[in-house]
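Please read the following walk through a protein model alongside its sequence and coordinates. The text moves from charged side-chain contacts to a helix and then to a hairpin.

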Amino acid sequence: MHTHCLQQGVATGQVGFRGGGTRRSSSALQFRKQVRPCRTAGLTRCQAASTDTEQATPADTLLRNASSKAERFDGRAFRRTLGKSGRYIRNPINDKDSLALMESHGVGYSTTGLVAQMRESGNMWQFKDITVKLANAYGYCWGVERAVQMAYEARKAYPGQKLYVTNEIIHNPAVNQRLKEMDVEIIEDKTGSGKNFDPVQEGDVVILPAFGASVSEMRLLSDRKVQLVDTTCPWVSKVWNAVDSQSRKAHTSIIHGKYSHEETVATASFATTYLVVRDIAEAEYVANYIQNGGSKEEFLDKFKFSISAGFDPDTDLQRLGLANQTTMLRDETLKIGKLLEKTMMEKYGPAELKDRYMVMDTICDATQTRQSAVYELTASQDQPDKKVDMMLVVGGFNSSNTSHLQEIPELRGVPSFWVNSAACVDVESNKILHKTAHGEMKETSNWLPDGPLVIGVTSGASTPDRAVEDVLDKVFQIRDPSYTGTAPKLEPAIPPKPEE
């Protein structure tokens with residue numbers, strides 16, 4: 001049924017360099033089996049993935065040994081100097097040709113397709129006995145759309161030069177494949193020994209992705225005298241500024257995130273001392289250690305891939321600051337913040353709280369609104385006239401924010417199917433290959449039942465509207481094999497105003 005590519009892959013948890021450059025510790029490399037997307041006849045294939053397994057690599061030891069608390073590199077000041085170099089671009093120019101090409105490639109907002117028409121119909125659509133309810137906030141966020149636009153503009157601005165991007169521009173297989181087809185090379189760690197920057201030479205153009213790049217990568221590229229196109233989302237930069245402020249006040253940054261995620265790797269590189277906690281359970285473990293002490297050896301072993309070099313829980317947990325990976329579950333970040341604040345107040349007293357704990361609001365608005373929209377869509381399951389029978393979640397299988405959108409209906413007991421492209425839906429056999437919020441791949445038969453059906457739909461912040469339209473086309477084809485698509489609008493709709 002599903003045609004998909006099974007390949008052995010490596011996911012990068014931190015940066016290791018070959019071919020020179022400064023090494024700086026961040027977090028550990030993560031090995032895992034994964035499947036990378038491939039395309040046949042212009043379609044992105046359904047990408048399967050297995051359960052993540054995190055472990056250290058030889059590069060991790062080298063990176064940790066290269067870091068020193070005694071000498072702090074000022075990452076914020078360094079970024080400011082890039083702007084004065086004459087080789088640094090950090091804003092889009094709204095080039096009409098690039099925007100038109102994005103529309104043609106289906107990697108922008110829909111202005112004539114099904115999603116555009118749904119926006120003009122109260123985010124609802126009726127096909128036969130299927131009612132589709134589109135979440136009030138879904139899909140491309142401002143930072144992601146901005147990054148893709150800047151990549152397209154860079155390709156047009158430098159037609160004869162070699163273009164690289166230091167990781168996937170965003171976590172969407174179709175968008176990344178389009179860039180490859182435009183001769184933009186993605187620098188990936190395919191062996192677990194670090195990214196190979198050897199081919200990058202002076203005068204080349206290097207794009208930094210939406211979730212940013214580590215300080216060490218930016219320093220290496222600056223030394224190579226390349227033209228940098230920095231598409232880092234301003235919300236991510238806001239988090240960097242938060243951990244930088246925490247470092248300046250000698251606070252340890254507690255980062256709510258996944259230590260191997262590219263954004264968290266970059267964020268950690270702006271901190272002097274940091275600890276990454278994945279969820280409330282890990283935060284509770286840290287809080288208990290602060291309050292009651294414990295085995296330092298056990299603590300260091302538990303967080304061995306998630307801490308800065310030379311981390312000492314007996315001294316480095318006396319002053320804390322909170323930051324987060326922007327794609328994490330908003331409510332959990334808030335819970336962790338309240339837990340840490342309470343812990344420090346109970347440990348040191350209210351009078352010292354201001355000096356012991358600091359927090360800035362670094363929760364991304366786009367992440368928050370998309371999660372809130374799914375909560376709203378699944379909030380009336382006890383009311384037959386308002387409930388949804390199932391959820392469809394569309395987004396890259398390696399997308400953190402999409403995993404949390406999938407997590408919400410799962411926690412509420414609503415059947416939910418997370419797919420990364422229309423190729424995951426088999427029309428003839430009525431089967432769907434989908435992923436759970438916790439990484440398990442499943443194939444479900446007869447997933448689309450007969451009879452009236454209300455389907456809630458959302459998509460991750462890295463998902464273009466076309467991906468949603470392609471998935472819904474498959475759904476409608478299962479119900480009616482003669483369906484050939486929704487006629488486009490004659491008058492293009494105005495794209496939604498994204499969050500800024």
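Lysine 156 has a relative accessibility of 41% and therefore counts as partly exposed, the class between the 20% limit for buried and the 50% limit for exposed. The model in which this residue sits is predicted. Lysine 156 takes part in a salt bridge with aspartate 97, with an N to O distance of 2.9 Å. Aspartate 97 belongs to helix α3 and lysine 156 to helix α5, so this contact joins distant parts of the chain, 59 residues apart.

Lysine 156 also forms a salt bridge with aspartate 95, where the closest N and O atoms are 2.9 Å apart. Here the separation along the chain is 61 residues: aspartate 95 lies in the loop between β4 (88-89) and α3 (96-105), while lysine 156 lies in α5 (residues 142-157). Is aspartate 95 buried or exposed? Aspartate 95 is buried, because its relative accessible area of 16% falls under the 20% cut-off. Side chains of opposite charge can pair when their charged atoms come close.

Across the whole structure, a search finds 19 salt bridges. Another of them is formed by aspartate 244 and arginine 248, whose closest N and O atoms are 2.6 Å apart. Both residues are in helix α8 (residues 234-248), four residues apart, which is about one turn of the helix. An α-helix has 3.6 residues a turn, so residues three or four places apart point the same way. The two partners fall into separate accessibility classes: aspartate 244 is buried at 0% relative accessibility, whereas arginine 248 is partly exposed, with a relative accessible area of 46%. Salt bridges with shared partners join Asp74, Asp244 and Arg248 into one network.

Next comes a helix described by its burial. Helix α7 spans residues 215-223 and is mostly covered, with seven of its nine residues buried. Those buried residues are Val215, Ser216, Glu217, Met218, Leu220, Leu221 and Ser222. After α7 comes lysine 225, which has a positive phi near 60 degrees.

The last stop is a strand pair. Strands β19 (residues 431-435) and β20 (residues 441-445) run antiparallel and pair over five bridges. Lysine 435 is placed opposite methionine 441 of β20. Which residue takes a positive phi in the hairpin of β19 and β20? That residue is glycine 439, with a phi near 100 degrees, in a hairpin that has five residues between the strands.

Conventions:
Residues numbered from 1 in each chain as written. Predicted model: local features only at pLDDT ≥ 70, side-chain atom pairs only at ≥ 80, totals over all residues. Heavy atoms only, no water. Buried < 20%, exposed > 50% of the residue type's maximum accessible area, 1.4 Å probe, protein only. Helix = DSSP H or I, 4+ residues; strand = E, 2+ residues; numbered from the N terminus. Pairing = 2+ DSSP bridges. Salt bridge = Lys/Arg side-chain N within 4 Å of Asp/Glu carboxyl O.
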